[in-house]
Amino acid sequence: MPNASSWSASSPLLLLWEDSSGTRIFLSLLYAVLAISGTLSNVMVIYLVFSFKKLQTTSNAFIVNGCAADLSVCALWMPQEAVLGLLPPNSSSLRSAEYRLLRGGLLGLGLTVSLASHLLVAFNRYVLITKLPSVYQALYQRRHTGCMIGLSWALALLLVPLLPGLWTPGSAQQPPPRQTDGSPRYTALLLALAVLGQTALLLHCYLGIVRRVRGSAKRVSVLNFHLLHQLPFPAAPPPPRRAQRRLSTVSVLLLCCVFLLGTQPLVWVSLLGFFLRPAPPALQAASWMLLCSLSALNPLLYTWRSEEFR
């Protein structure tokens, strides 16, 4: 089937070439919705941070960095996927190796910087809450913050040309099962291990924040209890903080759950394909789409509970 192979090789996420045209149209519409919503939300966050001095903090600098990277996926890559999904599999525009390389570069650049920004935001909040203010101020000077942001882009620019097969997962389905060239499988394994390690660090930071906040609130509550009984006159009880702590904990856990839902399917699909057997194309397509959908959801994840942004 020449048409089938050309479709799968040229469109890494639309792996369902054997399905009806209705399925491909549905996927194209889904990409279009994610592209529009993701572009608007990322541009809005960038605009707000640059327009209001109150929002120009170190943590928001990393969030803006992630939004800029997500625009590479939502504003530049997703619209192309939406259009290509409507073209016939034997279209000449799908066979250009240079064009596939350009699309893969946009996807790889955006996802790499976006995932790095997730980790930078988590580590920034972890240091802010769990370390002394002097440690935070020494680590997050303006120059150091700029270097961290620059390193995230330098890492992405280094990985994209060195590992072109990393961002074209559809090519892993092209060789026959007995072919000895396993470079796509190893690049997929590298991607899975990198995302898994980044996820472990991110969870360590956020769970450490939750433990520190809950422990500090508990110590403050015990201290207030003893002080109230030593006062010579009745004092009004302090305002309840349990609901606020619970809400903050739920917000952090929700952020972690959404991140896990977007990243872990691809990790385990890639590990399954390397150690056992390749997953069905539909499962691969769904795992990649979940990962890319984070580019549209990231602005909401980091701003929906922020009173300053509201």
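Accessible areas here come from the Shrake-Rupley method with a 1.4 Å probe. The structure in these exercises is a predicted model.

**Exercise 1. Describe the surface and the overall make-up of the protein chain.**

Solution. Begin with the surface: the accessible area of the protein chain comes to about 17,000 Å², and carbon and sulfur atoms account for 70% of that area. Turn next to the interior, where buried residues make up 44% of the 310 residues in the protein chain. The secondary structure consists of nine helices and zero strands, which, read along the sequence, gives the pattern α-α-α-α-α-α-α-α-α. Finally, consider how contacts are distributed along the sequence: among those between residues at least 6 apart, 78% join residues at least 24 apart.

**Exercise 2. Decide which stretches of the model call for caution.**

Solution. The mean pLDDT of the protein chain is 76, with 70% of its residues reaching 70 or more. Two stretches should then be marked. Over residues 1-12 the pLDDT stays under 50, although the model has 33 contacts beyond four places in sequence for them. Over residues 219-245 the pLDDT also stays under 50, and here the model has six such contacts. Where pLDDT is low, the predicted coordinates should not be read in detail.

**Exercise 3. Work out the surroundings of Asn65, and state whether Asn65 is buried or exposed.**

Solution. First locate the residue: Asn65 lies in helix 3, which spans residues 58-84. Then apply the cut-off, by which a residue is buried under 20% relative accessible area; because the value for Asn65 is 6%, Asn65 is buried. Setting aside its neighbours within four places in sequence, Asn65 is in contact with Val113, Ser117, Ile149, Ser152 and Trp153. One of these partners can be examined further, since the side chains of Asn65 and Ser117 are joined by a polar contact of 2.9 Å.

**Exercise 4. Classify the Tyr31–Trp77 and Tyr136–Tyr140 ring pairs by their geometry.**

Solution. A pair of aromatic rings is described by the distance of the centres and the angle of the planes. The structure holds four aromatic pairs. In the pair formed by Tyr31 and Trp77, the centres are 5.7 Å apart and the planes stand at 85 degrees, an edge-to-face arrangement. This pair links distant parts of the chain, with Tyr31 in helix 2 (residues 21-51) and Trp77 in helix 3, 46 residues apart. Tyr31 is buried, with a relative accessible area of 1%, and Trp77, at 1% relative accessibility, likewise counts as buried. For Tyr136 and Tyr140, the ring centres are 5.0 Å apart and the planes are at 35 degrees, so the pair is tilted. Both Tyr136 and Tyr140 are buried, and ring pairs link them with Phe62 into a cluster.

**Exercise 5. Relate Asn124 to this cluster, and then examine Ala188.**

Solution. Asn124 has its place in helix 4 and counts as buried because its relative accessibility is 0%. Not counting residues up to four places away in sequence, Asn124 touches Thr58, Ser59, Phe62, Tyr136 and Tyr140; among these are the residues of the ring cluster, namely Phe62, Tyr136 and Tyr140. Asn124 and Cys205 are 81 residues apart in sequence, while their C-alpha atoms are 9.0 Å apart in space. Ala188, for its part, lies in helix 7 and is partly exposed, with a relative accessible area of 24%. The C-alpha atoms of Ala188 and Val267 are separated by 8.7 Å, and the two residues are 79 residues apart along the chain.

**Exercise 6. Identify the nonpolar cores and the elements that build the largest one.**

Solution. The largest nonpolar core has 57 residues, of which Phe62, Trp77, Met78, Leu111, Tyr206, Trp288 and Tyr302 touch the most other members. The elements giving two or more residues to this core are helix 2, helix 3, helix 4 (97-130), helix 6 (142-162), helix 7 (183-230), helix 8 (242-275) and helix 9 (281-303). Of these, helix 3 gives the most, with 10 residues. A second, separate core comprises five residues, including Ala69, Leu109, Ala156 and Val160.

Key
Residues numbered from 1 in each chain as written. Predicted model: local features only at pLDDT ≥ 70, side-chain atom pairs only at ≥ 80, totals over all residues. Heavy atoms only, no water. Helix = DSSP H or I, 4+ residues; strand = E, 2+ residues; numbered from the N terminus. Buried < 20%, exposed > 50% of the residue type's maximum accessible area, 1.4 Å probe, protein only. Polar contact = N/O pair within 3.5 Å; in protein donor to acceptor, adjacent residues only side chain to side chain. Contact = heavy atoms within 4.5 Å. Phe/Tyr/Trp six-rings, centres within 6.5 Å; stacked < 30°, edge-to-face > 60°. pLDDT = per-residue confidence, 0-100. Core = buried A, V, L, I, M, F, W, Y, C linked by side-chain atoms within 4.5 Å.
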